[in-house]
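Have your viewer ready? Let's take a short walk, one selection at a time.

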Amino acid sequence: MGVEQKLGNMGVVTTTLESVVNWGRTNAMWPMLFGLACCAIEMMSAQSSSYDMSRFGMELMRASPRQSDLMIVAGRVSKKMGPVLRRLYDQMPEPKWVIAMGDCASCGGVFNNYAIFQGVDEVVPVDVFVAGCPPRPEALIHGVMTIHEKVKSETFKQYTEKYAAK
Amino acid sequence: MHKKLEPIVKAIQDKFSATFEEFRDEVHLFVKPEQIVDALTLLRDEYNFELLSALTATDYWPQETPRFHVIYQLTSLAKNLSVQIRVPVNGSSPNVPTATRVYAVANWRERELLDMFGIEFDGHPDPRRILSPEDMEGHPLRKDFPLGYEEPQFTFNFDEIDLRKPYAKE
């Protein structure tokens, strides 16, 4: 199963460097705790035993942005919280991805007013949006798997474009 | 109104020449801004209204002038009574003396009124915004503040809204 089938007698596996790098990135992606509102409860329940996210590599949630790769923005972001969110995003080391969880983070949700950002992509660049109010833990896990697919399909050309531009 | 409240209302009326209104069982006393601290001190010390349950304001624009009514809801736990004091304030330069020295809870309540209505309190120890960002202009709960909503995106206007939306740079 898995890698042992391909080892054969010599104990050598050949693959492309891109696949290895992407495999490493997807299988141990640690999210940062950024539960702001009600979606945080669903994120917590997705992490706990019933709908386990550790199966997908998200073994633990790091509270510190310096030690995480993925930021799951769970909940509505008010105009006062916006600069804080941006600062934490800037403190995360490359490579980093963002999931906007729930309706409020994707598009403002039910709160169409002067105090809430209409979609968190006005503050940080988002990779995957998960719809729902709140999205079921299975929906969040589907969002996580979509991010895994996105990362697995990245190429070196895309890396250089993305990281050289900064 | 409650029997026990009648002498209290009469005392306030005599001392501060206040008018009052009744609505069901509530009593609303109208007091001028300069007299409010004395009225609150009197009610707190003599008549045992220890609790300032609520300090809010209402905006009656454009129907009424003066535009704002600052509302102090006082409750007496000892006697199980509550009375409401209203201070009509003008819209052009709303200034009311602060009630922080009388009731300490008025500190944050007055900051909220400053933030949401723009009513300034003289002598307040910490006059800054509490709920909205510090650099925000405007006072959201006034009746002439725009609703501030974003137009709902349908297929026909999606592109134009997309161009205007402030997306984050990387």
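Begin with chain A of this predicted model. Select its strands and you will find an open sheet of four, ordered S1-S2-S3-S4, with parallel pairing. Now pick out S1 (31–32) and S4 (128–130) of chain A: these stand at the edges, each with a single partner strand, so one side of each has no neighbour in the sheet.

Next, select residues 70–74 and 97–101 of chain A. These are strands S2 and S3, which pair in the parallel sense over five bridges. Show side chains for one facing pair here: A:Ile72 stands opposite A:Ile99 in S3(A).

Keep the sheet on screen and add helix H3 of chain A, residues 39–47. H3 packs on the sheet and touches S2 and S3 of chain A, with its direction at about 135 degrees to that of S2(A). Then add helix H6 of chain A, residues 137–152. H6 also packs on the sheet, where it touches S3 and S4 of chain A; its direction makes about 170 degrees with that of S4(A).

Time to move to chain B. Select residues 19–23, strand S1, and residues 26–30, strand S2: the two pair in the antiparallel sense over five bridges. Within this pairing, B:Phe20 is found opposite B:Leu29 in S2(B). S1(B) and S2(B) form a hairpin with two residues between them. Stop at the turn and click B:Arg24, whose phi is positive, about 50 degrees.

Before you leave, is S1(B) largely buried or in the open? Of its five residues, the number buried is zero, so S1(B) lies largely in the open.

Key
Residues are numbered from 1 along each chain as its sequence is written. Chains are lettered from A and ligands numbered from 1 in the order in which they are written. This is a predicted model: local features need pLDDT of at least 70, side-chain atom pairs count only at pLDDT 80 or more; totals for chains, interfaces and linings use all residues. A residue is buried if 20 or more other C-beta atoms lie within 10 Å of its own, exposed if 12 or fewer, and partly exposed in between; C-beta atoms are placed from the backbone. Two strands pair if DSSP finds at least two bridges between them. Two residues are in contact if their C-beta atoms, placed from the backbone, lie within 7 Å. Axes are lines fitted to C-alpha atoms, for helices over the stretch in contact, and angles run from 0 to 180 degrees between N-to-C directions.
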